[in-house]
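Reader: I'd like a close look at one part of this model rather than a tour of everything. Pick a part, stay with it for a while, and then follow the threads that lead out of it.

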Amino acid sequence: MRNILIAGAISLILSMVGTPLAIRLFARRGYGQNIREEGPSGHYDKKGTPTMGGTVIVIASLIGYFVAHGATVFSAVGDPPTASGLLVLFLMTGLGAVGFLDDFIKIYKQRSLGLRSGAKAGGQLVIGAIFAVLVLRFPNAYAVTPADTHVSFLRDIGPSIGLIGFIIWVLFFIVGFSNAVNLTDGLDGLASGATCLVLAAYVLIGNWQLRNSCTTVGFGPNCYWVRDPLDLAVVAAAVLGACLGFLWWNAPPAKIFMGDTGSLALGGVIAGLAFTTRTQLLLVILGGLFAIITMSVIIQVGSFKLTRRRVFRMAPLQHHFELSGWAETTIVVRFWLIAALCVAAGLGLFYLEWMPKQ
């Protein structure tokens, strides 16, 4: 528990202090946001706002995590980083690097498009494939690895899908959620605020799985076979703290944008937490706002290709409401409320499943 508090506090302070420094640095170097011409006209006022703020989130998260472990690693008990925690952080950092390259190209070329779609997807697939292979390794004393070749909801379900099937599933999930957060990052504070809620849920889930771990409370129908639940809660707390500190400056009107650096990294970390806590399909509920916004894009594209008609005024969904006359802050707050309801529903299912059956 102490590590959770230390990681969250350190990353929060670093992000709160580091973000205004990044704003000044990026503004001085001209690292401003370019606005796509087909976007809502109200966004033109945001042109030139510093971007790539996701670098602060990633760096603050990493420092918060390792400082938390450094504070206890030399204690009598000892608490070094775990394989699960390091793999989730690798996924976050790797996808953040892909996003950073995309953001940098946008700035350097002075255009709204960065990496070509194929190159961007290729980078996500490479990082995701490395994660998928490594997450099946590093068994602990109970032969439990950070993940296994099962689909999971509240815990592992059904038969094994095999190594190849698991890798494909991981790649689909990682690319899907990293792009979903990226699509959500269209209004000031929307993606960062919604991600904070999901990360808070994973702090609670990791802590609950620790208290009901099969390796500590004994075998039983309701225990959890999760390799490093406490450290996963530490990871979630570190990223949550960094995200909250960034949100202070990213809330409407935003002083800085996270860019693809932040959105891909945050999508990656919640996908990584879903695999290592064995709650993959539960993330679809916890991150319901991301799923809704992604579906709006799929519906819009599918409808236009099939019927040459659009369902929404503009996709993703938040831009539909902008063009319908809603104020940006109204959309952001209401979408945060939807995200909170999704998280509440997901946590309710998680705890309800654990309760002993009569």
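Author: Before we start, the element names: helices are DSSP runs of H or I with at least four residues, strands are runs of E with at least two, and both are numbered from the N terminus. By that scheme, Ala-143 sits in the loop between helix H4 (117–134) and strand E1 (151–152), and we'll come back to that loop. Keep in mind that this is a predicted model. The protein chain has a mean pLDDT of 90, with 91% of its residues at 70 or more. Among its elements, helix H7 (residues 214–217) has the lowest mean pLDDT, 78, and helix H10 (residues 282–286) the highest, 98.

My pick is helix H9. Let's begin with Thr-276, which is in this helix, residues 259–276. Is Thr-276 buried or exposed? Thr-276 counts as buried, because its relative accessible area is 0%, and the cut-off for buried is under 20%. Its side chain turns to the backbone: it reaches the oxygen of Gly-272 at 2.8 Å and that of Leu-273 at 3.4 Å. If you skip neighbours within four places in sequence, the contacts of Thr-276 are Ser-84, Val-88, Val-135, Pro-146, Val-226 and Leu-232.

Now go to Thr-261, another residue of helix H9. Thr-261 is buried as well, with a relative accessible area of 3%. Leaving out residues up to four places away, Thr-261 touches Met-52, Gly-54, Thr-55, Gly-96, Gly-99, Phe-100 and Asp-103.

Next comes the charged part of the helix. Asp-260 and Lys-120 meet side chain to side chain in a salt bridge, 2.7 Å from N to O. Since Lys-120 belongs to helix H4 and Asp-260 to helix H9, the pair ties together parts that are 140 residues apart in sequence. Both partners, Lys-120 and Asp-260, are buried. They're not on their own either: Asp-102 and Lys-106 join Lys-120 and Asp-260 in a network of salt bridges.

What lies on either side of the helix in sequence? The loop between helix H8 (229–250) and H9 holds Pro-253, and the peptide bond from Pro-252 to Pro-253 is cis, with omega near -10°. On the other side, Arg-278 makes a salt bridge with Asp-148, the closest N and O atoms being 3.0 Å apart. That pair links distant parts of the chain, 130 residues apart: Asp-148 is in the loop between H4 and E1, and Arg-278 in the loop between H9 and H10. Arg-278 is buried, with a relative accessible area of 6%.

Here's where Ala-143 comes back, as promised, in the loop between H4 and E1. Its phi is near 65°, a positive value in a residue other than glycine. Ala-143 counts as exposed because its relative accessible area is 61%, and exposed means over 50%.

One more thread starts from Gly-272, whose backbone oxygen we met through Thr-276. Gly-272 and Tyr-65 are 207 residues apart in sequence and 16 Å apart in space, C-alpha to C-alpha. Tyr-65 lies in helix H2 and is buried, at 0% relative accessibility. A polar contact of 2.6 Å joins the side chains of Tyr-65 and Asp-231. Beyond its neighbours within four places in sequence, Tyr-65 has contacts that include Ala-7, Pro-81, Leu-86, Leu-89, Val-234 and Ala-238.

Helix H2 has an outward side too. Ile-63 is in this helix and is partly exposed, at 37% relative accessible area. Ile-63 joins Leu-14, Ile-59 and Val-67 in a nonpolar surface patch of about 300 Å². Helix H2 (residues 54–70) gives the most to that patch, with three residues.

For context further along the chain, the structure holds eight salt bridges. One of them joins Arg-155 and Glu-353, at 2.9 Å from N to O. Arg-155 is in the loop between E1 and strand E2 (156–157) and Glu-353 in helix H13 (residues 328–354), so to speak a long-range link, with the partners 198 residues apart.

Terms used. Residues numbered from 1 in each chain as written. Predicted model: local features only at pLDDT ≥ 70, side-chain atom pairs only at ≥ 80, totals over all residues. Heavy atoms only, no water. Patch = residues over 30% accessible without salt bridge, like charges linked within 9 Å, V, L, I, M, F, W, Y side chains within 5 Å. Areas by Shrake-Rupley, 256 points an atom, 1.4 Å probe, with all protein chains shown as cover. Salt bridge = Lys/Arg side-chain N within 4 Å of Asp/Glu carboxyl O. Buried < 20%, exposed > 50% of the residue type's maximum accessible area, 1.4 Å probe, protein only. Polar contact = N/O pair within 3.5 Å; in protein donor to acceptor, adjacent residues only side chain to side chain. Contact = heavy atoms within 4.5 Å. pLDDT = per-residue confidence, 0-100.
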